[in-house]
Amino acid sequence: MPNIKLDGREIPFMNGDTIIRAAHRAGIDVPHYCWHPGLSVAANCRMCLVEILPPPGQRAMRLDVLQWNGKEYVSTQKPKLQPACQIGCTDGMEVLSDSSPHVADARKTVQELLLLNHPVDCPICDQAGECRLQDYWLEHGRYKKRMHDDIVHKPKAVSFGPTIVYDAERCIVCTRCVRFVEEVAKDPVLEKRERGNLGEIFVAEGRQLDNNYTLMTEHVCPVGALTSKDFRFKARVWFLRSARTVCQGCATGCNAHLDFDPRNQRAYRHRPRDNEEINKYWMCDHGMLSYARAHEGRITEARVAGVATTVADALAEAKRRLTNPGTLAIVLSAEHASEDNFALVTLAKTYLGAGDFFLAGRAPGEADGVLMSADRNPNTAGAVQVASTTPPKPLADLVAGVSAGRYTHVLALGSEAALDGPAIAALSRAKGFVAISAHEGPIAKAAHVVLPACSWAEMDGTYVNAQDTPQRSQRAIHPQGDSRPGWEWVAVIAKELGFATPMRKLAELRRAMAAEPSASLPPKSIPAPPAE
Amino acid sequence: MGNGIIGKPIPRPSRDAKVQAYLPSVVAGIGVTVKHFFKNTKELAFGQRNDPVLEAFDDGVTTISYPEQKRPYPERFRGVHRLTLREDGNPRCVACLCCSTACPAQCIHIVAGEYADADKKGWEKYPVSFVIDELRCIFCGYCVEACPCDAIRMDTGQHAVPYDSRDQFIYERETLMSFSDPSGRQLTENPKDDPARGHTPDRLKH
């Protein structure tokens with residue numbers, strides 16, 4: 001593999017790589033605003049300027065400059081710096097980034113230019129704490145403001161659409177958002193107008209920024225110019241911690257960061273987690289806003305006949321209902337992790353002798369051709385996988401079966417299902433219907449006994465996406481109320497019914513899953529976050 | 001563990017007759033009390049008694065009639081917090097949460113909100129709720145240091161008031177906004193440092 005030398009360090013590059021991309025791949029950050037690994041190159045922020053040494057035997061490109069030596073301007077020369085985001089790598093190229101005093105000077109000057117008319121309203125800016133202007137000022141700026149004039153005032157808090165607010169004073173016009181809506185969202189509604197310090201972004205006449213990828217414009221914005229209405233003023237980012245989760249919005253299984261406040265145990269937002277194979281750098285609005293399911297409609301207490309009760313009472317009732325079942329139907333959930341489904345399948349097949357599986361999940365929607373799948377469940381493939389030799393049937397068959405008296409008892413996992421009122425009523429006419437549900441929904445409504453399961457935010461789990469890639473999702477917040485992970489409830493029910501199952505710990509369960517070759521593909525380890 | 005404890009030798013007081021016989025000291029102590037008794041009685045009788053608050057710093061009378069009389073606090077005494085106001089009566093606070101970030105006792109709880117468009121007047125963010133738990137507060141003054149807007153101050157000159165129930169120590173936004181500095185001023189002393197609006201600080205003017 002050919003190499004370039006960056007600050008004396010050998011870095012391999014692939015054909016067609018620019019300097020900044022090769023450095024990014026090697027985990028080295030060349031300071032930048034407008035460059036984004038998933039977008040085209042604009043080279044307009046000038047922050048990534050580097051010094052490229054001439055090839056051996058050739059003269060360096062130098063510029064005549066006047067330099068202030070404290071008393072007077074003296075004529076001197078300095079090397080011509082070039083943007084690392086635009087210059088392609090050639091074998092043996094020598095690049096100076098952090099080690100060049102000229103580059104350090106250029107970064108400081110670019111920083112001063114970008115901040116010249118900045119309102120410095122960090123106290124009310126949601127980006128504060130994760131803002132590149134702040135980071136790079138500390139790393140490369142640290143000058144005293146020299147401009148004595150009032151700054152150029154531009155529109156503030158402009159609504160760009162249902163999800164995004166724009167602040168032109170904070171904008172450095174890097175055009176990341178413009179390129180994003182054009183290149184990734186394929187909906188070019190943003191454009192730049194005016195020049196120099198009057199430059200600003202605007203929405204096309206008669207349009208709003210209202211496609212399914214509006215929140216990504218906020219995410220790619222390196223400064224606080226675009227902010228999300230959903231997250232606006234809700235939290236300061238330095239209070240938040242991130243868990244590496246998998247988005248629950250659809251079967252694509254986008255890698256996400258779930259940002260939560262550990263002090264009040266609330267989730268505040270989803271951010272995409274870079275994964276070249278699944279979601280690259282992006283997530284859709286539907287997925288980014290789905291973090292709210294961590295709190296919305298959660299079932300946090302056990303219920304018997306729709307009435308909240310203690311866990312002990314609910315378990316006693318579940319035991320009564322499930323002892324000596326006539327014909328037992330098992331409902332797996334495409335919303336729950338493979339661990340939950342696997343525990344339920346193990347209990348059913350090994351201990352209860354049940355062999356009829358059904359699959360519950362959210363009704364399909366429309367695929368958007370970019371990221372979002374038509375299947376709106378995160379783990380359909382995983383639930384089908386763990387059922388292996390007995391593939392689950394659609395839930396309509398269960399409704400028909402219960403109505404016809406073929407199934408007298410139901411043990412169900414999950415919350416959402418495509419069931420209407422009559423179907424729910426039909427299901428609740430079963431002799432015993434025990435459900436393990438995280439959210440309010442048709443299943444919890446139909447069940448006689450509901451045990452509160454953890455949502456994805458409260459447990460470690462494996463989700464298999466539409467490409468059959470198993471991915472692990474980390475726990476963010478603590479279980480809410482009496483809720484416990486679904487597989488724990490399965491183990492508790494098994495114990496109540498008098499079976500000793502080897503499912504006491506998550507590691508035990510995962511070992512059992514790994515031993516069942518049809519039930520599990522080896523989960524890919526969570527990729528380390530790139531050095532962004 | 002080796003060396004054991006190495007102590008610093010302290011010279012013992014001499015045990016001469018004056019120290020051993022405690023009576024001289026008792027007499028001297030009673031003497032001080034009697035001296036003050038006669039001095040106070042004389043000053044009261046002749047109307048010579050001055051402001052006991054100021055006098056407290058002199059030799060002589062060391063007792064003041066608290067709470068009717070109070071010692072003057074130093075100018076930089078850190079008292080109960082107040083939220084400074086803008087001219088229009090809104091709090092200057094922009095709910096940046098810098099104070100609650102800096103607070104080592106974690107006694108400040110703020111919920112931020114956005115002004116409705118009609119009320120904006122150049123400001124976007126304000127505290128919907130601003131609560132200080134004065135029981136948790138250690139009066140270190142970091143919140144005042146951290147505030148970029150001079151919105152929180154501890155110049156009320158009041159110390160933490162004793163209450164008879166805990167919830168009375170939870171100061172809400174309106175309570176904090178109702179306090180003033182000892183001269184009765186509720187606005188800030190530094191109107192120029194308001195980063196929320198494009199005001200050029202004097203130091204940057206030509």
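**Entry 1. A short strand pair in chain A**

I began with β8(A) and found that two bridges join it to strand β9 (residues 164-166) of chain A, the two running antiparallel. The model I am reading is a predicted one. I looked up one of the pairs and noted that V158(A) has Y166(A) in β9(A) as its bridge partner. I then traced the sheet around this pair: it is open, has three strands in the order β8-β9-β12 (chain A), and is paired antiparallel. I recorded β8 (158-159) and β12 (226-228) of chain A as its edge strands, each pairing on one side only.

**Entry 2. The five-stranded sheet of chain A**

I next examined an open sheet of five strands, ordered β2-β1-β7-β3-β6 (chain A), whose pairing is mixed. I listed β2 (9-12) and β6 (82-83) of chain A as the edge strands, since each pairs on one side only. I checked the pairing of β6(A) and found two bridges to strand β3 (residues 49-52) of chain A, in the antiparallel sense. At this pairing I noted L49(A) opposite P83(A) in β6(A).

**Entry 3. β14 of chain A and its partners**

I asked how many residues of strand β14 (residues 255-261) of chain A are buried. Six of its seven residues are, and I entered the strand as mostly covered. I then looked for its partners. Strand β13 (residues 241-246) of chain A is joined to β14(A) by six bridges and runs antiparallel to it; in this pair R241(A) stands opposite F260(A). Strand β15 (residues 266-272) of chain A also pairs with β14(A) in the antiparallel sense, over six bridges, and here I found R271(A) as the bridge partner of H257(A). I noted that β14(A) and β15(A) form a hairpin with four residues between them. In that turn, I read a positive phi of about 55 degrees for Q265(A).

**Entry 4. Helix α8 of chain A**

I compared the length of α8(A) with expectation. At 1.5 Å a residue, its 15 residues should span 21 Å, and I found the end C-alpha atoms 20 Å apart, which agrees. I then looked up its burial: 12 of the 15 residues are buried, so that I entered α8(A) as mostly covered. Among the buried residues I listed the charged positions E339(A) and D340(A), together with F342(A), L344(A), V345(A), L347(A) and L352(A). Just after the helix, I noted that G353(A) takes a positive phi of about 70 degrees.

**Entry 5. Domains and nonpolar cores**

I recorded the division of chain A into domain 1 (3-115) and domain 2 (302-514), with C-alpha centres 56 Å apart. I then turned to the largest nonpolar core, which has 150 residues; V50(A), V331(A), A447(A) and V490(A) touch the most other members. I found that helix α8 (residues 338-352) of chain A gives the most to this core, with seven residues. Why does the core lie between domain 1 and domain 2 of chain A? Both domains give residues to it, so I placed it between them. I looked up the contacts of V50(A) beyond four places in sequence, and these include I19(A), V30(A), L81(A), A84(A), V95(A) and V103(A). I also noted a second, separate core of 28 residues, with L83(B), C99(B), A151(B) and I152(B) among its members.

**Entry 6. Chain B and its contact with chain A**

I counted six helices and five strands in chain B, and from the N terminus on I read their order as α-α-α-β-α-β-β-α-β-β-α. Of the 206 residues in chain B, I found 20% buried. I noted that residues 24 or more positions apart account for 67% of the contacts in chain B with a separation of 6 or more.

I then examined where the chains meet: the contact takes 15 residues from chain A and 20 residues from chain B. On the side of chain A that touches chain B, I recorded eight nonpolar, two polar and five charged residues.

**Entry 7. R136 of chain B**

I located R136(B) in the loop between β3 (125-133) and α5 (142-146) of chain B. Is R136(B) buried or partly exposed? I entered R136(B) as partly exposed because it has 13 C-beta neighbours inside 10 Å. Setting aside residues up to four places away in sequence, I found that R136(B) touches A105(B), Q106(B) and C107(B). I finally looked up T188(B), 52 residues from R136(B) along the chain, and noted a C-alpha separation of 25 Å.

Technical notes:
Residues are numbered from 1 along each chain as its sequence is written. Chains are lettered from A and ligands numbered from 1 in the order in which they are written. This is a predicted model: local features need pLDDT of at least 70, side-chain atom pairs count only at pLDDT 80 or more; totals for chains, interfaces and linings use all residues. Two residues are in contact if their C-beta atoms, placed from the backbone, lie within 7 Å. Two strands pair if DSSP finds at least two bridges between them. A nonpolar core is a set of buried Ala, Val, Leu, Ile, Met, Phe, Trp, Tyr and Cys residues joined through C-beta atoms within 7 Å. Domain bounds come from an automatic or database domain assignment. The expected span of a helix is 1.5 Å times one less than its number of residues.
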